[in-house]
Amino acid sequence: MLKKIFMLMILLVMSRAEAGGWSPEMRIGILSGVNQVSLKVSAPCVMINAAKGNVLGKIPAGGSFIVDFGHLKLNAIEIRPEKIPLQNLQTEIDGKKYFGGVTINKEKNSLTVINLVPVEEYLRGVVSKEMSPTFPIGALKAQTVAARSFALKNRKRHVAEGFDLCNSTHCQVYIGVADYDSIDRAIDETRGEVLTYKEKVADTNFHTDSGGMTASAEEVWGGKVPYLIAVKEIIERGEAWTVKVSAKDFSSRFGENFGDVQSVKITDKTFSGRVQSAQIVGSKRTLTLAGSEFRRKFSLPSTLFDMKFTGDEIIFTGYGHGHGVGMSQIGARDYARLGWSYEKILAHYYKGTKLKKLY
């Protein structure tokens, strides 16, 4: 009887250890619109017909090959490890290393290359790009939980294109394999943890620097989100920025019917001090634009700005970097330097959310 109990305990421990390496699999868009892609795998793999699931062939460890649009006869193929877990495989895609395997979809005129990667390994290529590895561990852990929550909440954002998330700022910047002890620690020590609101994973937006106060989701995107509200920062104002645009260039951005700029005036600001709308007067017409439109047209760091017309140029001066919603990465750094835990940092930026371990 004791022997059976002992064996049961061993099996239980083993199953938990195996489960500890698992995390949800993500499909991250890496390349699109390409005619061919070169691949190299670190361990024995199989090539699979993605539509039917049958094995097309085997690839040895260190095997490299090229997939060409003209020669690919199937609509989609997958490269997965033959024996080892997906997270232990590394695949080079055009010379750049990624954890996990690959799916290649054949579109009408080109190929789309997708990285098949477990969430925890995906985070190693996200957190190291979104936040400096030199930041305090409390900030890195907060960033990790925010990035994990965002990924799982926004899964299938690009489902029409055949993958979950892209690798740019539209989703989260993802660079593949990265090796930083501080980042690995932040990921390992928060493994499987996400923020939830009313038992659902929260949409944990974040940005570089709020400039003194974060913005609510409602004032930036129009939709009210209970846990994405404006909160004050420890530092009232961060590093200032200035963008100068010549009067001629400024006017040209609004078309021939606008004429030459005559004056500019901010007409409304949000609760957090960001530009809601501004009026610009041209020699032919007058326009009222949202602050976000100014930011887009003139590549401004944020909508927390003032502007003036000198006759020769329009000068934008402001604070902050990014949309301002959710966690400020600079703010998280400063709070962590004060000794705040990642739990406290997250609670500050995402009001009313709860930390939950999913796996």
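This passage describes the overall make-up of the chain, then one of its sheets, a glycine in a loop beside that sheet's strands, and a pair of helices.

The model considered here is a predicted one. The protein chain has 359 residues, of which 49% count as buried. Its secondary structure comes to 10 helices and 22 strands. Taken along the principal axes, the C-alpha atoms fill a box of roughly 85 × 55 × 35 Å. Among the contacts in the chain with a separation of 6 or more, 67% are accounted for by residues 24 or more positions apart.

We may turn next to a sheet. Four strands form an open sheet in the order E5-E2-E7-E8, and their pairing is antiparallel. At the edges lie E5 and strand E8 (96-99), each of which pairs on one side only. From one strand to the next, the twist averages 30°. In general, the strands of a sheet pair through backbone hydrogen bonds, either parallel or antiparallel.

Following the order of the sheet, E2 (residues 36-41) is joined to E5 by 5 bridges, and the two strands run antiparallel. Two of the residue pairs can be named: Gln36 stands opposite Asp68 in E5, while Val37 stands opposite Val67 in E5. Towards E7, strand E2 is joined by 3 bridges, again in an antiparallel arrangement. Here Lys40 has Glu92 of E7 as its bridge partner. Strand E7 (residues 90-93) is in turn linked to E8 by 4 bridges, with the two strands running antiparallel. Glu92 appears in this pairing too, standing opposite Lys97 in E8. Glu92 is thus placed opposite Lys97 in E8 and is also the bridge partner of Lys40.

The faces of two of these strands are also worth a look. In a regular strand the side chains alternate between the two faces of the sheet. On E2, the covered face holds Val37, Leu39 and Val41, whereas Gln36, Ser38 and Lys40 make up the uncovered one. On E5, Phe65 and Val67 form the covered face, and Ser64, Ile66 and Asp68 the uncovered one. The opposed residues Val37 and Val67 therefore belong to the covered face of E2 in the case of Val37 and to the covered face of E5 in the case of Val67.

Just outside the strands, Gly63 is found in the loop between strand E4 (55-59) and strand E5 (64-68). With a relative accessible area of 12%, Gly63 falls under the 20% cut-off and is therefore buried. Leaving aside residues up to four places away in sequence, Gly63 touches Leu39, Lys40 and Val41, and these three residues are listed among the faces of E2. Measured against a distant point of the chain, Gly63 lies 164 residues from Tyr227 in sequence and 48 Å from Tyr227 in space, C-alpha to C-alpha.Finally, there is a helix pair to describe. Two packed helices are described by the angle between their axes and the distance between the axes. The axes of helix H4 (residues 137-153) and helix H10 (residues 342-349) come within 8 Å and cross at roughly 55°. H4 and H10 are therefore oblique to each other, and their crossing is right-handed. On the H4 side, the residues involved are Gly138, Ala139, Lys141, Ala142 and Val145, which meet Tyr342, Ile345 and Leu346 in H10. By class, this contact has 6 nonpolar, 1 polar and 1 charged residues.

Conventions
Residues are numbered from 1 along each chain as its sequence is written. This is a predicted model: local features need pLDDT of at least 70, side-chain atom pairs count only at pLDDT 80 or more; totals for chains, interfaces and linings use all residues. Side-chain values use heavy atoms; hydrogens and water are left out. Axes are lines fitted to C-alpha atoms, for helices over the stretch in contact, and angles run from 0 to 180 degrees between N-to-C directions. Angles under 35 degrees count as roughly parallel, over 145 as roughly antiparallel, 65 to 115 as roughly perpendicular and the rest as oblique. A crossing is left-handed if the near helix is turned anticlockwise from the far one by less than a right angle, and right-handed if clockwise. Contact means heavy atoms within 4.5 Å. Ala, Val, Leu, Ile, Met, Phe, Trp, Tyr, Cys and Pro count as nonpolar, Asp, Glu, Lys and Arg as charged, and the others, Gly among them, as polar. Buried means under 20% relative accessible area, exposed over 50%, partly exposed in between (1.4 Å probe, protein chains only). Two strands pair if DSSP finds at least two bridges between them.
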